[in-house]
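Please look through the structure shown here, beginning with how its strands pair and moving from there to its interior and its surface.

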Amino acid sequence: MQIIKIEVGDLLELKKPHPCGEKIFKVLRVGSDVRIVCQSCGRDLTLDRIKLEKAIKKIVKSDQ
Ligand SMILES: [Zn+2]
């Protein structure tokens with residue numbers, strides 16, 4: 001099984017788009033839950049980490 005390392009600042013492309021149509025989300029906080037913000041409409045949401053990892057299609061690493 002692949003281990004997914006999520007860090008603050010990463011951009012995540014999810015399999016399911018946000019209701020606004022955007023699929024890219026930025027990571028704001030990482031813990032047992034992960035807080036992400038939609039890059040289109042700016043709404044943030046908190047997801048269970050396990051569920052989020054399954055929903056990730058691609059991670060775009062930040063250069064920071
Ligand atoms: Zn959105």
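**From a strand pair to the core**

In this predicted model, strand β1 (residues 11-14) runs antiparallel to β5, the two being paired over 4 bridges. Within that pairing, L12 has I59 of β5 as its bridge partner. Strand β5 (residues 56-60) lies largely in the open, because 0 of its 5 residues are buried.

L12, for its part, also belongs to the largest nonpolar core, which has 6 residues in all and includes, besides L12, the residues F25, V34, I36, C38 and L52. Strand β3 (residues 33-38) contributes the largest share of this core, namely 3 residues. As a general matter, nonpolar side chains in soluble globular proteins tend to be buried together.

One member of the core, I36, can be followed through its contacts: once neighbours within four places in sequence are left aside, I36 is in contact with L12, F25, K26, V27, L28, D44, L45 and L47. Among these partners, L12 and F25 are themselves residues of the largest nonpolar core.

What, then, is found in the loop that follows β1? The loop between β1 and β2 (24-30) holds K15, a residue that counts as exposed because it has 10 other C-beta atoms within 10 Å, where exposure requires 12 or fewer. Leaving aside neighbours within four places in sequence, K15 is in contact with A55 and K57. K15 and K57 are 42 residues apart in sequence, yet their C-alpha atoms are 5.3 Å apart in space.

Key:
Residues are numbered from 1 along each chain as its sequence is written. This is a predicted model: local features need pLDDT of at least 70, side-chain atom pairs count only at pLDDT 80 or more; totals for chains, interfaces and linings use all residues. A nonpolar core is a set of buried Ala, Val, Leu, Ile, Met, Phe, Trp, Tyr and Cys residues joined through C-beta atoms within 7 Å. A residue is buried if 20 or more other C-beta atoms lie within 10 Å of its own, exposed if 12 or fewer, and partly exposed in between; C-beta atoms are placed from the backbone. Two residues are in contact if their C-beta atoms, placed from the backbone, lie within 7 Å. Two strands pair if DSSP finds at least two bridges between them.
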